[in-house]
Amino acid sequence: MPRFAYVNGRYIDHRRAAVHVEDRGYQLADGVYEVIHLFRGRLVDEDAHLDRLGRSLEELRMSWPISRSALGVAIRELIRRNRYATGLVYIQVTRGVAPRDHKFPIVGRPVLVMTIRPISEFPTEMRENGVAVITIDDLRWARCDIKTVALLPNVLGKQAAAEAGAYEAWMCDGDGFVTEGTSSNAWIVTDEGTLVTRPAGPDILRGITRQAILALAEVQEVPVEERKFTREEALAAREAFLSNSSHFVTPVTSIDDVVIANGKPGSLSVALHKRYMDYMEAMPAALDDTQRKKSLS
Ligand code: PDD
């Protein structure tokens, strides 16, 4: 159980951390969020996540609750107080607390909430056997590039996956093309060994892990096509995998109960997973020595 949460400038016992009932995030889903992986004491791609947070805020005409540099300090203080080496840092900014009214409040300032949840490192089972995915219709709005807390279609999709015994649901647009997973980006590998993922646009979240994988693939000279692919193409693919900050590169070994290739994680998926682990290991430590010592005392 995490011990401290951050609520608007205060580090509070997680069990008692709360926001006001008229927080617009709670009533109207009027807020944005980020999830950053804390991997063995390193914040993975912190800058890219904070860039995306800034973009989400700007797109929704919200302001930073505190300066970006102050946010970096607060994240580190939360890590220090919670003493986790590996976990997920959750950052949420809402438009603030105001009497319920759809239009923006005249007064009021954004509310910033952060938590850290410890997670176990990548489960062996997932690495060795991959995961099952189902496909569903994409019921979301036209600005999926903004990381908002309005996640109802994603919630329903993930629940449908769980009820079907699957790990993730890949959403398909009206033309049968896969957009992305409910909390991950979707990838396939063609027979020719080309890595395929949907181009960044308003219909998907531009995953930070996705960006890192594209860069790693380029270094490895893996051919990449950023293009749409259909559910049928995925079913016939040589490999499939999904990516996100919590589970990096996760091999997908069945889609809608159809086994992908030989039903084992594909070699490129496994290689990219390893490269991504190395990439994370190379990140700078979140806390310096003095802060670390303080957190152990
Ligand atoms: N979700 N697409 C969607 C819809 C997502 O919610 C996520 C991440 C991604 C992958 O983005 P990234 O690589 O930046 O984590 C793609 C986070 C992990 C979540 O909601 O918990």
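**Exercise 1. Find out why strand β5 counts as largely enclosed by the rest of the structure.**

Step 1. Strand β5 covers residues 87–94, and six of its eight residues are buried, so the rest of the structure largely encloses it. Buried means under 20% relative accessible area, exposed means over 50%, and partly exposed lies in between (1.4 Å probe, protein chains only). Strands (E, at least two residues) and helices (H or I, at least four) are DSSP runs, numbered from the N terminus.

Step 2. Note the source. This is a predicted model, where local features need pLDDT of at least 70, side-chain atom pairs count only at pLDDT 80 or more, and totals for chains, interfaces and linings use all residues. Residues are numbered from 1 along each chain as its sequence is written, and side-chain values use heavy atoms, leaving out hydrogens and water.

**Exercise 2. Identify the strands that pair with β5, and place them in the sheet.**

Step 1. Recall the rule. Strands of a sheet pair through backbone hydrogen bonds, either parallel or antiparallel. Here two strands pair if DSSP finds at least two bridges between them.

Step 2. Take β3, residues 31–39. Eight bridges join β3 to β5, and the two run antiparallel. Val32 stands opposite Val93 of β5.

Step 3. Take β6, residues 111–118. Eight bridges link β6 with β5, again in the antiparallel sense. Thr94 has Val111 of β6 as its bridge partner.

Step 4. Build the sheet. Six strands form an open sheet with antiparallel pairing, in the order β2-β1-β6-β5-β3-β4. Its edge strands are β2 (10–13) and β4 (42–43), each pairing on one side only.

**Exercise 3. Describe the whole protein chain: its elements, its compactness and its surface.**

Step 1. Count the elements. The protein chain has nine helices and 15 strands.

Step 2. Judge compactness. The radius of gyration is 20 Å, close to the 19 Å that the globule rule gives for 297 residues, so the chain is as compact as a globular protein of that length. This radius is taken over C-alpha atoms, and the rule is 2.2 Å times the number of residues to the power 0.38. The C-alpha trace spans about 55 × 45 × 35 Å along its principal axes.

Step 3. Look inside. Buried residues make up 51% of the 297 residues. Contact means heavy atoms within 4.5 Å. Of the contacts with a separation of 6 or more, 72% join residues 24 or more positions apart.

Step 4. Look at the surface. The chain exposes about 14400 Å², with carbon and sulfur atoms supplying 53% of it. Accessible areas come from the Shrake-Rupley method with a 1.4 Å probe.

**Exercise 4. Locate Asp257 and Val155, and decide whether each is exposed or partly exposed.**

Step 1. Asp257 is in the loop between β14 (248–255) and β15 (258–259). Its relative accessibility is 74%, so Asp257 counts as exposed. Asp257 also has a positive phi of about 70°, although it is not a glycine.

Step 2. Val155 lies in helix α5, residues 152–163. Its relative accessibility is 48%, so Val155 counts as partly exposed. The C-alpha atoms of Val155 and Phe104 are separated by 26 Å.
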